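Here is a short guided tour for anyone who likes to know a protein's layout before going to the bench. Have a look at the sequence and the model first, and then read on.

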Amino acid sequence: MEFFCYHRDRPNSLSLREKLGEEHWSYMDGYAEELIARGPTFADDGETPTGSVHIVDLPDPAAARAFAFDEPNYQAGAFRDVLLRRWRNMLGRTMWEFPGGRTGGNRYLVIGLAPEPSAELAVPPDQDELVAYGPLLSDDGATWLGTAVLLRAPDPDTARAVLSPGRYADIEVHDWEFGGRR
């Protein structure tokens with residue numbers, strides 16, 4: 001089962017996150033084989049961290065909750081909240097298999113929340129700039145609650161346009177970069 005996990009930073013938590021850096025890396029090393037995508041998000045200045053994205057393939061919701069809530073930054077209070085949802089890998093690949101590579105161009109996390117639970121989601125026809133794409137699902141995986149996308153785009157407005165505005169109650173766009181040990 002695939003899960004989307006977005007830890008949002010608590011304001012002024014950068015020093016705590018820096019202090020816990022190696023603990024976070026070691027924790028994630030334990031999930032290296034299960035990770036589909038990962039990486040930090042940033043404020044408009046492109047430097048101040050605002051959160052951390054992890055898309056992970058785990059056996060069940062209990063394992064996903066353990067992954068999200070046992071994470072060292074979460075345990076220490078660096079995060080203000082966590083968005084954890086079932087997810088489906090509509091591209092069938094990891095971010096490391098993205099043809100565009102790790103660098104070059106602007107990268108974004110786009111989260112669209114559905115106005116009400118609905119049925120299915122189709123992948124946009126132009127997939128060249130999509131790093132990861134999939135529906136946010138109910139715990140049982142049967143109901144579409146929104147969409148999470150990682151992509152390369154020239155600017156936030158172009159990134160936002162990957163989701164049809166009329167189909168979502170809210171669309172968030174965050175600067176994002178490939179994560180993982182270099």
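The report below goes from the overall fold to a few strands and one loop residue.

## Overall fold

Please keep in mind that this is a predicted model. The protein contains 5 helices and 8 strands, and along the sequence they come in the order β-α-α-β-β-α-α-β-β-β-β-α-β. With a radius of gyration of 15 Å, close to the 16 Å that the globule rule gives for 182 residues, the protein is as compact as a globular protein of that length.

Along the principal axes, the C-alpha atoms fill a box of roughly 40 × 35 × 30 Å. Among the contacts with a separation of 6 or more, 74% join residues that are 24 or more positions apart.

## Surface and charge

Of the 182 residues in the protein, 46% are buried. The accessible surface is about 8800 Å², and carbon and sulfur atoms account for 48% of this area.

If you are thinking about charge, the protein carries 18 positive and 30 negative side chains. The centres of these two sets lie 1 Å apart.

## Strand β1 and its two partners

Strand β1 spans residues 2-9. Because 7 of its 8 residues are buried, β1 is largely enclosed by the rest of the structure.

Which strands does β1 pair with? One partner is β3 (residues 49-57), in the antiparallel sense over 7 bridges; another is β4 (residues 79-87), also antiparallel, over 8 bridges. Tyr6 is a handy residue for finding both pairings in the model: its bridge partner in β3 is Val53, and in β4 Tyr6 stands opposite Leu83.

## The loop after β1

Moving on along the chain, Asn12 sits in the loop between β1 and α1 (14-19). Is Asn12 buried or exposed? Its relative accessible area is 79%, so Asn12 is exposed.

The backbone here is worth a look as well. Asn12 is not a glycine, yet its phi is positive, at about 60°.

## The β6–β7 hairpin

Strand β6 (residues 130-137) pairs with β7 in the antiparallel sense over 7 bridges. To locate this pairing in the model, look for Leu136, whose bridge partner in β7 is Gly146.

The two strands form a hairpin with 6 residues between them. In the turn, Gly141 has a positive phi of about 80°. Strand β7 itself (residues 144-153) is mostly covered, with 8 of its 10 residues buried.

Methods: Residues are numbered from 1 along each chain as its sequence is written. This is a predicted model: local features need pLDDT of at least 70, side-chain atom pairs count only at pLDDT 80 or more; totals for chains, interfaces and linings use all residues. Side-chain values use heavy atoms; hydrogens and water are left out. Helices (H or I, at least four residues) and strands (E, at least two) are DSSP runs, numbered from the N terminus. The radius of gyration is taken over C-alpha atoms; the globule rule is 2.2 Å times the number of residues to the power 0.38. Buried means under 20% relative accessible area, exposed over 50%, partly exposed in between (1.4 Å probe, protein chains only). Contact means heavy atoms within 4.5 Å. Accessible areas come from the Shrake-Rupley method with a 1.4 Å probe; for residues, only the protein chains shown count as cover. Lys and Arg count as positive and Asp and Glu as negative; His and the chain ends are not counted. The place of a charge is taken as NZ of Lys, CZ of Arg, CG of Asp or CD of Glu. Two strands pair if DSSP finds at least two bridges between them.
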